[in-house]
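Here is a short report for a reader meeting this structure for the first time. Please look at the model below, then read on.

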Amino acid sequence: MRDEQELLTMSQRIEAFYRQSGGPRSPVIRRLLERHLLYGKDHGIPGKREEFTDAFRDVFLQDHSTRALVLGLFKLKTAFQEEWNAYLDALRSQGGAREANADPADRRVR
């Protein structure tokens, strides 16, 4: 019974929102929703739009049984990203060295 009342209340709230803002296609709605996502009490840090990944991460970091796994995955991701960036930097520096050492006669003119 309580769930039905909450659903009905949510439906009534949505209808009232549309009536007050000028209907479902009103440009005002986008601005209101964006403001709510940035500053709503139920959406994380004020001024920062909470994304799905933020909410997902918070759930697993707050659970003591999954915290170590999530932190380990974050460290693995960071280490992988650093290695990948080092690899790309090495490729870029090799490309620059090859061009500097190349014979000008070998370069094609387009």
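Start with a single residue. His 36 lies in helix 2. At 37% relative accessibility, His 36 is partly exposed, because that value falls between the 20% limit for buried and the 50% limit for exposed. Pro 46 sits 10 residues from His 36 in sequence. In space the two are 9.7 Å apart, C-alpha to C-alpha.

Leu 38 also belongs to helix 2, which covers residues 27-39. What does Leu 38 touch, leaving aside residues up to four places away in sequence? The list is Ile 45, Pro 46, Gly 47, Lys 48 and Arg 49. Pro 46 thus appears twice here: as a contact of Leu 38 and as the partner in the distance from His 36. Glu 50 is 12 residues from Leu 38 in sequence. Their C-alpha atoms are 7.4 Å apart.

**The whole chain**

This is a predicted model. The protein chain has four helices and zero strands. Along the sequence the pattern reads α-α-α-α. The chain has 110 residues, and 9% of them count as buried. About 10,400 Å² of the chain is exposed. Carbon and sulfur atoms supply 57% of that area.

How far along the sequence do contacts reach? Take contacts between residues at least 6 apart: 0% of them join residues at least 24 apart.

**Confidence**

The average pLDDT of the chain is 79. A score of at least 70 is reached by 77% of the residues. Which helix has the lowest confidence, and which the highest? Helix 1, residues 2-21, is lowest, with a mean of 73. Helix 4 is highest, at 87. A general caution applies: where pLDDT is low, the predicted coordinates should not be read in detail.

**Side chains in helix 4**

Helix 4 spans residues 67-101. Two pairs of side chains there deserve a look.

How many salt bridges does a search of the whole structure find? The search finds one. In this salt bridge the side chains of Arg 92 and Asp 89 meet, at 2.9 Å from N to O. Why are the two residues about one helical turn apart? Because they are three residues apart in helix 4. Arg 92 is exposed, with a relative accessible area of 56%. Asp 89 is partly exposed, at 45%.

The search of the whole structure also finds one aromatic pair. Trp 84 and Tyr 87 form this pair. Their ring centres are 5.6 Å apart, with 35° between the planes. The pair counts as tilted, because its angle falls between the 30 degrees limit for stacked and the 60 degrees limit for edge-to-face. Trp 84 and Tyr 87 are three residues apart in helix 4, so about one helical turn separates them.

**A nonpolar patch**

Trp 84 and Tyr 87 also belong to a nonpolar patch on the surface, together with Phe 80 and Leu 91. The four have about 450 Å² of accessible area together. Leu 91 has its place in helix 4. The patch rule asks for over 30% relative accessible area. The table gives values for three of the members.

| Residue | Relative accessible area | Class |
|---|---|---|
| Trp 84 | 42% | partly exposed |
| Tyr 87 | 43% | partly exposed |
| Leu 91 | 39% | partly exposed |

**In brief**

Helix 4 holds the salt-bridge residues Arg 92 and Asp 89, and the aromatic residues Trp 84 and Tyr 87. Helix 2 holds His 36 and Leu 38.

Conventions:
Residues numbered from 1 in each chain as written. Predicted model: local features only at pLDDT ≥ 70, side-chain atom pairs only at ≥ 80, totals over all residues. Heavy atoms only, no water. Buried < 20%, exposed > 50% of the residue type's maximum accessible area, 1.4 Å probe, protein only. Phe/Tyr/Trp six-rings, centres within 6.5 Å; stacked < 30°, edge-to-face > 60°. Patch = residues over 30% accessible without salt bridge, like charges linked within 9 Å, V, L, I, M, F, W, Y side chains within 5 Å. Areas by Shrake-Rupley, 256 points an atom, 1.4 Å probe, with all protein chains shown as cover. Contact = heavy atoms within 4.5 Å. pLDDT = per-residue confidence, 0-100.
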